[in-house]
Amino acid sequence: MKKTIIKTEKLCKTFSTSGIQQHVLKNLDIHLVEEDFTIIMGSSGSGKSTLLYAISGMDKPTLGDIDFAGKNLSTLNNDQLAVFRRNHCGFVFQQIYLLDNMSVLDNVLASGLLVNKNKRELVKKSKELLKQVGIDESSWFKFPAQLSGGEAQRVGIVRALINSPKILFADEPTGALNSASSERVLDVFTNVNRNGQSVVMVTHDIQTALRGNRILYLRDGVICGDLQLGAYSEKENDERQEKLKHFLAEMGW
Ligand SMILES: Nc1ncnc2c1ncn2[C@@H]1O[C@H](COP(=O)(O)OP(=O)(O)OP(=O)(O)O)[C@@H](O)[C@H]1O
């Protein structure tokens, strides 16, 4: 049986704006297992990004517990949380912030060197990953201002993968990419997952969601659907797509 990687108990997140409280996540009990590629779907404003931030330790819940690979995140202070995230998690968010004064390669290496001191090994791995996402040698020494939005997004994805995180969190990672680049990036995610790393990804896109083996559907801060789709396989894609579309129709998507 696969091991639990994240377990939440009565997870709640409430935002207060101008004295008005908005209960965005409502008593969520979620159980994610190692090596799964979990997709979070739901309408706009249903709380998907908020959930991703909470379970990845980027933001603190208002109430409830999050157990991450045996650690209760609420027992960690901010510095301990930062170390924990650096050692175990990779993040790809909609907005990618690269360090302006560093080249593409150095941006990736800077993240890698926080965890692995073997620079020669890191340079080799950075170059391999950059090639996999379609950033070739001619761009490795460019600075972020010289990249297109899609190129910067792909460099951000390599930076997230450089430390071989136990779990990769991604929020609409292909939003800024054209379809060829999206496919390439999703292939990298699929490979990462096949190598045993877990992925949790928020998406609105059906083709992207088909990369997952499990789909959680969030409505108004509550998980109201949980579909086991089976591992991604190009051969069975039509069948899986039908199953996903049927599930989403049931969810009223
Ligand atoms: N920092 C914040 N302060 C106040 N309200 C917030 C904050 N972050 C999110 N919200 C509110 O929480 C609700 C859920 O936002 P969230 O970004 O999680 O939704 P989502 O499902 O990811 O939406 P989308 O698909 O449009 O990205 C929204 O109404 C949003 O305005």
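# Exercises on a sheet and its helices

Helix α8 (residues 237–251) lies across β10 and β11, and runs at about 160° to β11. The model is predicted. The exercises below start from the sheet and then turn to the helices and one loop residue.

## Exercise 1. The sheet

Work out the strand order of the open sheet and name its edge strands.

Solution.

Step 1. Take the strands in order. Six of them form an open sheet, β7-β8-β9-β4-β10-β11.

Step 2. Look at the sense of pairing. The pairing is mixed.

Step 3. Find the edges. β7 (89–92) and β11 (222–228) each pair on one side only, and these are the edge strands.

Step 4. Add the twist. From one strand to the next it averages 15°.

## Exercise 2. Pairing, strand by strand

Follow the bridges from β8 to β11 and give the sense of each pairing.

Solution.

Strands of a sheet pair through backbone hydrogen bonds, either parallel or antiparallel. Each step takes one pair.

Step 1. β8 and β9 pair in the parallel sense, over five bridges. Here Leu168 has Val199 in β9 as its bridge partner.

Step 2. β9 and β4 are also parallel, over four bridges. Ile39 is bridged to Met201 in β9.

Step 3. β4 (residues 37–42) and β10 (residues 214–219) are parallel over five bridges. Gly42 stands opposite Leu218 in β10.

Step 4. β10 and β11 pair in the antiparallel sense over six bridges. Leu218 stands opposite Ile223 in β11.

Step 5. Inspect the connection. β10 and β11 form a hairpin with two residues between them. Asp220, in the turn, has a positive phi of about 50°.

## Exercise 3. Strand β9

Are the residues on the faces of β9 buried or exposed?

Solution.

Step 1. Sort the residues by face. In a regular strand the side chains alternate between the two faces of the sheet. In β9, Ser198, Val200 and Val202 lie on one side, with Val199 and Met201 on the other.

Step 2. Check burial. Both groups are buried, and both faces of β9 are covered.

Step 3. Count. Five of the five residues of β9 (residues 198–202) are buried, and the strand is mostly covered.

## Exercise 4. Helix α3 and its neighbour α4

Decide how enclosed α3 is, then describe its packing on α4.

Solution.

Step 1. List the buried residues. They are Val104, Leu105, Asn107, Val108, Leu109, Ser111 and Gly112.

Step 2. Draw the conclusion. Seven of the ten residues of α3 (residues 104–113) are buried, so the helix is largely enclosed by the rest of the structure.

Step 3. Name what covers it. The buried residues of α3 pack against α4 (119–132) and α5 (149–161).

Step 4. Set the geometry with α4. The axes of α3 and α4 come within 10 Å and cross at roughly 130°. The two helices are therefore oblique to each other. Their crossing is right-handed.

Step 5. Read the contact. From α3 come Leu105, Val108, Leu109, Gly112 and Leu113; they meet Lys119, Leu122, Val123 and Ser126 in α4. By class, the contact has six nonpolar, two polar and one charged residues.

## Exercise 5. Helix α5

Place α5 against the sheet and against α6.

Solution.

Step 1. Start with the sheet. α5 lies across β7 and β8 (167–171), and runs at about 170° to β7.

Step 2. Turn to the helix pair. Two packed helices are described by the angle between their axes and the distance between the axes. For α5 and α6 (residues 179–194) the angle is about 5°, and the axes are 11 Å apart. That makes α5 roughly parallel to α6.

Step 3. Name the residues. Gly150, Arg154, Ile157 and Leu161 in α5 meet Ser181, Val185 and Val192 in α6. This contact divides into four nonpolar, two polar and one charged residues.

## Exercise 6. Leu73

Where does Leu73 lie, and is Leu73 buried or exposed?

Solution.

Step 1. Locate the residue. Leu73 is in the loop between β6 (71–72) and α2 (78–88).

Step 2. Apply the cut-off. A residue is buried if 20 or more other C-beta atoms lie within 10 Å of its own. Leu73 has 21 C-beta neighbours inside 10 Å, so Leu73 counts as buried.

Step 3. List the contacts. Leaving aside neighbours within four places in sequence, Leu73 is in contact with Gly57, Ile66, Phe68 and Leu81.

Step 4. Relate Leu73 to the sheet strand residue Leu168. Their C-alpha atoms are separated by 17 Å, and the two residues are 95 residues apart along the chain.

Definitions and conventions: Residues are numbered from 1 along each chain as its sequence is written. This is a predicted model: local features need pLDDT of at least 70, side-chain atom pairs count only at pLDDT 80 or more; totals for chains, interfaces and linings use all residues. A residue is buried if 20 or more other C-beta atoms lie within 10 Å of its own, exposed if 12 or fewer, and partly exposed in between; C-beta atoms are placed from the backbone. Two residues are in contact if their C-beta atoms, placed from the backbone, lie within 7 Å. Two strands pair if DSSP finds at least two bridges between them. Axes are lines fitted to C-alpha atoms, for helices over the stretch in contact, and angles run from 0 to 180 degrees between N-to-C directions. Angles under 35 degrees count as roughly parallel, over 145 as roughly antiparallel, 65 to 115 as roughly perpendicular and the rest as oblique. A crossing is left-handed if the near helix is turned anticlockwise from the far one by less than a right angle, and right-handed if clockwise. Ala, Val, Leu, Ile, Met, Phe, Trp, Tyr, Cys and Pro count as nonpolar, Asp, Glu, Lys and Arg as charged, and the others, Gly among them, as polar.
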